[in-house]
Amino acid sequence: QVRLVESGGGLVQAGGSLRLSCAASGRSFIGFPMAWFHRAPGKDLEFVAAINWNGAGTAYADSVKGRFTISRDNAKNAVYLQMDSLQPEDTAVYYCAADLAYYSGTNVPIDPNEYDYWGQGTQVTVSS
């Protein structure tokens, strides 16, 4: 059974940092892009960041550029999201996702409909 399990969420004050982790099991995602999305209260699912199969290609939502960094460790079948300078508007449930399609070069998908596997989510709450 394929599983993606997120961890690292919690409550933090504005300006603080959190590091989210996503551990994959049941199959390897080496060779495939992975991403983070979030859903804020009362809002739709939104793209946050994505990374290509070898880490050479990344994409970020405008709202997190310069503050968040996505990375992966293929040896551990894991993806991470370092979140710095957190703001109250970053409050959301954060989901890890994996796509089983091949993309050339540094291309990464940012449409959630492209992703095949999803974790259960981890809550991030930023207080002002």
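Student: In this predicted model, how many residues lie between E4 and E5 in their hairpin, and which residue in the turn has a positive phi?
Tutor: Let's start with the pairing: E4 and E5 run antiparallel and are joined by six bridges. Together they make a hairpin, with five residues between the two strands. The turn residue with a positive phi, about 75°, is Gly42.

Student: Which residue in E5 stands opposite Trp36?
Tutor: Trp36 belongs to strand E4, and E4 is joined to E5 by antiparallel bridges. Looking across to E5 from Trp36, you will find Ala49.

Student: Is Trp36 buried or exposed?
Tutor: Its strand offers a hint, since five of the six residues in E4 are buried. Buried means under 20% relative accessible area. Trp36 has 0% relative accessibility, so it counts as buried.

Student: E4 also pairs with E9, so which residue in E9 stands opposite Ala35?
Tutor: E4 and E9 pair in the antiparallel sense, over six bridges. Follow that pairing across from Ala35 and you reach Ala97.

Student: Which residues touch the most other members of the largest nonpolar core?
Tutor: This core has 35 residues. Elements giving two or more residues to it include strand E4 (34-39), strand E8 (78-83) and strand E9 (92-98). Tyr94 has contacts beyond its sequence neighbours with residues including Leu20, Phe68 and Val124. The residues touching the most other members are Trp36, Leu81, Met83 and Tyr94.

Student: Which strands stand at the edges of the open sheet of four strands?
Tutor: The order in that sheet is E1-E3-E8-E7, with antiparallel pairing. An edge strand here has a single partner, so one side of it is left without a neighbour in the sheet. The strands in that position are E1 and E7.

Student: Which residue in E3 stands opposite Arg3?
Tutor: E1 and E3 run antiparallel, joined by five bridges. Strand E1 spans 3-7, and across from Arg3 in E3 is Ser25.

Student: Is Arg67 buried or exposed?
Tutor: Arg67 sits in the loop between strand E6 (58-60) and E7. Beyond its sequence neighbours, Arg67 is in contact with several residues, among them Met83, Asp84 and Asp90. The cut-off for buried is under 20% relative accessible area. At 16% relative accessibility, Arg67 therefore counts as buried.

Student: Which residue's backbone oxygen does the side chain of Arg67 reach?
Tutor: Look back along the chain from Arg67, in the loop between E6 and E7. The side chain of Arg67 comes to 2.9 Å from a backbone oxygen, and that oxygen belongs to Ser63.

Conventions. Residues numbered from 1 in each chain as written. Predicted model: local features only at pLDDT ≥ 70, side-chain atom pairs only at ≥ 80, totals over all residues. Heavy atoms only, no water. Core = buried A, V, L, I, M, F, W, Y, C linked by side-chain atoms within 4.5 Å. Buried < 20%, exposed > 50% of the residue type's maximum accessible area, 1.4 Å probe, protein only. Contact = heavy atoms within 4.5 Å. Pairing = 2+ DSSP bridges. Polar contact = N/O pair within 3.5 Å; in protein donor to acceptor, adjacent residues only side chain to side chain. Lists of a residue's contacts leave out its neighbours within four places in sequence.
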